[in-house]
Amino acid sequence: MITPRTPLSHGHVLLTGATGLLGQAVLERLLSGHPDCRVSLVIRPQGDRSAEERFHTLLGNPVFERWREKIGPEEADRLAAKQVTVLAGDLANPPELPSDIDTVIHCASAVKFDSRIDEAFDTNVGGAVGLYEALHRAGATPHVVHVSTAYVGGLRKGITPERSLVHDVNWREERDAAHAARRSAEHASRSGGVLRGLLARARSEHGKAGPLAVTRATEDARQEWVDRRLVEQGRLRAQSLGWTDVYTFTKALAERAAEELWQGRGQSLSVVRPTIIESALRHPYPGWIDGFKVADPLILAYGRGYLTDFPAVADSVLDIIPVDFVTNAILAAAQQPPTTGEGRYFHIGSGASQPLAFHQMYRHVYEFFSREPLHQNGEAIRVPKWHLDGDGRVNRSMRNRDALVATADWALSRIPLTTRSRGWADQVHKLQRDLGRLRKLIDLYRPYVQSEIVFDDTKARELHFSIPERDRLDLGFDVTEIDWRHYLQEIHIPTIVEMNRPAMERARPARKAPRPLTGRDDALAVFDLEGTLLDWNLVEQYLWLSRALTPPARWPREIGSLAFALPSYLRTERRDRGEFIRMFTRRYEGLTVDQIRAQVRGAFGRAVRRRLLPAAVEQAKAHRAAGHRVVLVTGSIDVLVEPLAPLFDEVVAGRMHQDDGVLTGYLDAPPLVDEARGAWLTQYADRHGMDLTQSYGYGDSHADVGWLQHVGHPTVVNPDSKLYRHARRQKWAVVHWDRNGAGGKASSGES
């Protein structure tokens, strides 16, 4: 039985979660429709922003625009200052609450299906527990409207009634176990077995960039391992107890905590359980929404052509509800408290009274994007047709695509990157990203697109009809009024497409003209040699010199020896550039400095200059013209790079040990590569008063990451596959320079 209405005017409302979707919508209704009520908001400071600053920023959000326009910005600010009190704090450790609160609307929540188990418990259960304990300490006895989710019923079929959940799961024990899971995962991640595998993978992937890169990658991988384990723990524990995911699991236990800590202590409790909340039908204006919600990533991924099929069941019900209907239901429940010590439950959804089957939803989305397709690279994206026949076809397709992409990725990592193969790498990268998105969408949405649950809404409809008839259109939530074709095709999908447009424009892989160099005398321009400035590697240089200095009779033996050792050199070079240089310079043992220098001054020097990349030379000259200090840094031997000295203000190269003018095959010092070059660069800039944030760097190998990351303007030149991937992730510039003088700059980064 619905009790008589108790207006919120002249009362004191405590609202949590005011910065979220529902919290904003409720606050707007309180300010615009109940100007005489007082509102206290619990807002957490964030970084350098205080709770008050976050509130004032909040008032500038689109949800408040029409209210502010109606009464004027100055009057809106005056009323907000008069009505609203901001309480700085976190619900897990709440501030002191007022004792005269009449109504609490608890909207705060972490709506994420794949949270770590400890994080989900801290937010959804810990927040509720903190709130109710704080109310007790304050001596307040308000009616609490606890906003939950309809999916707290868990994995079931058929009608779900509007009543307290039936289960015997102890929320305290589960909360403690979630925190123990964090400690256990952290401990396990530091075990020898786990670290050994993580370290091996980090060495394989990042060893060429240096030991610090390996260390960072290993620790990052350990943290990711912990996170994955805690996400998996949350999913498995939820499903083992009958819930779809950690979100619905923790929301169910938060309800039980509310029943024990509030209703069980003789207080009034209303639990509002919305289904999948999407954009507003009417208020504050059609299409209002704050960020992408549950169904939106699925809709957009389909429109962008990522989802060629999906494991949905055609006749399952996708239970969507506009956000303004949920807001109205919350306020209606708040104004009609139950008898003291009792609890009431309301399902706010559409599935029982105005169901939207998935095949209908799909048809509306397909029709919209067929009529108004998204575009990529100037071309309309043609959306696929789904079969809607469950898991089988989609799972087979995923396995085949995984195998294809893995094979292509393996092959690309073992061939030189050319303009063509770089295009292939981009395609493989896009396929990997799309597969990752598809897999995540399938994992998250499978329970909702294969659902056979119907949420009884008898009490919710009774609550709606308790609203005076004159107010029902504005303040009610009768789902039978929703025309799904109109709502989806005219309101909701256009809204989320427009919200997504800036992201799509940013993602478009546009070609950019080279950025003009800034004229300044405190900037460095650091160039690597082989592959960056010079189309000639250490092996080719050695072969040229060997042919010039070795008697013809010994050429076959020398070439055969080099060919035999080449696989070992290649393996070593992939693993560690410095180790490769050390190994290879052993071949110079017995040659004299005078012999080499004679060649460098003659034919070898001319050969080196012919191998220079014209675009690289022009770039070095441009840096000099801009007043930059231009430096060549290479692991090659100093005598071999003497022909290039006129191009640079300074040449920093390796030195080979000699005994009475004869090379011993050993270096005088460790080669200046990867992180060693980064350390040298930092010291060099400090010694010469250079600003690395305004400096430039050019490199071609994954080993160059260790020093390129120190400069403000890194550019990768003809990169290997690992460096190319890193450059895309970091949004570094990528250029292709060849011996024909061609050179260009492309914007790089995730698309």
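In helix 26, which spans residues 721-730, the buried positions are Ser721, Leu723, Tyr724, His726, Ala727 and Arg728. Immediately beyond the end of helix 26, Lys731 adopts a positive phi of about 60 degrees. These features, like those described below, are taken from a predicted model.

The protein as a whole contains 26 helices and 22 strands, and of its 751 residues 52% are buried. When contacts between residues at least 6 apart in sequence are considered, 76% of them join residues at least 24 apart. The accessible surface of the protein amounts to about 33900 Å², and carbon and sulfur atoms account for 51% of that area.

Helix 9 comprises 16 residues, from 246 to 261, and extends 22 Å between its first and last C-alpha atoms, close to the 22 Å expected at 1.5 Å a residue. Because 15 of its 16 residues are buried, helix 9 is largely enclosed by the rest of the structure. At the start of helix 9, the backbone nitrogen of Tyr247 is approached to within 3.2 Å by a side-chain oxygen of Asp245. The loop that runs between helix 9 and strand 7 (269-274) contains Ser268, a residue that counts as buried because its relative accessibility is 8%, below the 20% cut-off. Apart from neighbours within four places in sequence, Ser268 is in contact with Pro142, His143 and Val144, with Trp262, and with the residues Pro338, Thr339, Thr340, Gly341 and Glu342.

A second buried site is provided by Ala616, which belongs to helix 23 (residues 614-625) and has a relative accessibility of 0%, so that it counts as buried. With neighbours within four places in sequence left aside, the contacts of Ala616 are Phe527, Thr532, Leu533 and Trp737. Of these contacts, Trp737 is separated from Ala616 by 121 residues in sequence, although the C-alpha atoms of the two residues are 7.0 Å apart in space.

Charged side chains were examined next. Side chains of opposite charge can pair when their charged atoms come close. In the whole structure, 34 salt bridges are found. One of them is formed by Glu219 and Arg222, whose closest N and O atoms lie 2.8 Å apart. The two residues are separated by about one helical turn, because Glu219 and Arg222 stand 3 residues apart in helix 8 (residues 211-240). The partners are not equally accessible: Glu219 is partly exposed, with a relative accessible area of 34%, whereas Arg222 is buried, with a relative accessible area of 4%. Both residues also take part in a network of salt bridges that links Arg116, Asp118, Glu119, Arg182, Glu186, Arg190, Glu219, Arg222 and Asp227.

A salt bridge within another helix joins the side chains of Arg363 and Glu367, with an N to O distance of 3.8 Å. Here the residues are 4 apart in helix 12 (residues 358-371), and Arg363 and Glu367 are therefore separated by about one helical turn. Arg363 is partly exposed, at a relative accessible area of 33%, and Glu367, at 24% relative accessibility, likewise counts as partly exposed. A further salt bridge is formed between the side chains of Arg520 and Asp522, for which the N to O distance is 2.6 Å. Arg520 is partly exposed, with a relative accessible area of 27%, while Asp522, at 19% relative accessibility, counts as buried; because buried means under 20% relative accessible area, the value for Asp522 falls within that class.

At the surface, Leu543, Trp555 and Ile559 together make a nonpolar patch of about 260 Å². Among these residues, Leu543 is found in helix 18, which covers residues 538-549. The relative accessible area of Leu543 is 35%, so this residue is partly exposed, and because patches are made of residues with over 30% relative accessible area and no salt bridge, the value for Leu543 meets the accessibility requirement.

Methods: Residues numbered from 1 in each chain as written. Predicted model: local features only at pLDDT ≥ 70, side-chain atom pairs only at ≥ 80, totals over all residues. Heavy atoms only, no water. Patch = residues over 30% accessible without salt bridge, like charges linked within 9 Å, V, L, I, M, F, W, Y side chains within 5 Å. Areas by Shrake-Rupley, 256 points an atom, 1.4 Å probe, with all protein chains shown as cover. Salt bridge = Lys/Arg side-chain N within 4 Å of Asp/Glu carboxyl O. Buried < 20%, exposed > 50% of the residue type's maximum accessible area, 1.4 Å probe, protein only. Expected span 1.5 Å × (residues − 1). Polar contact = N/O pair within 3.5 Å; in protein donor to acceptor, adjacent residues only side chain to side chain. Contact = heavy atoms within 4.5 Å.
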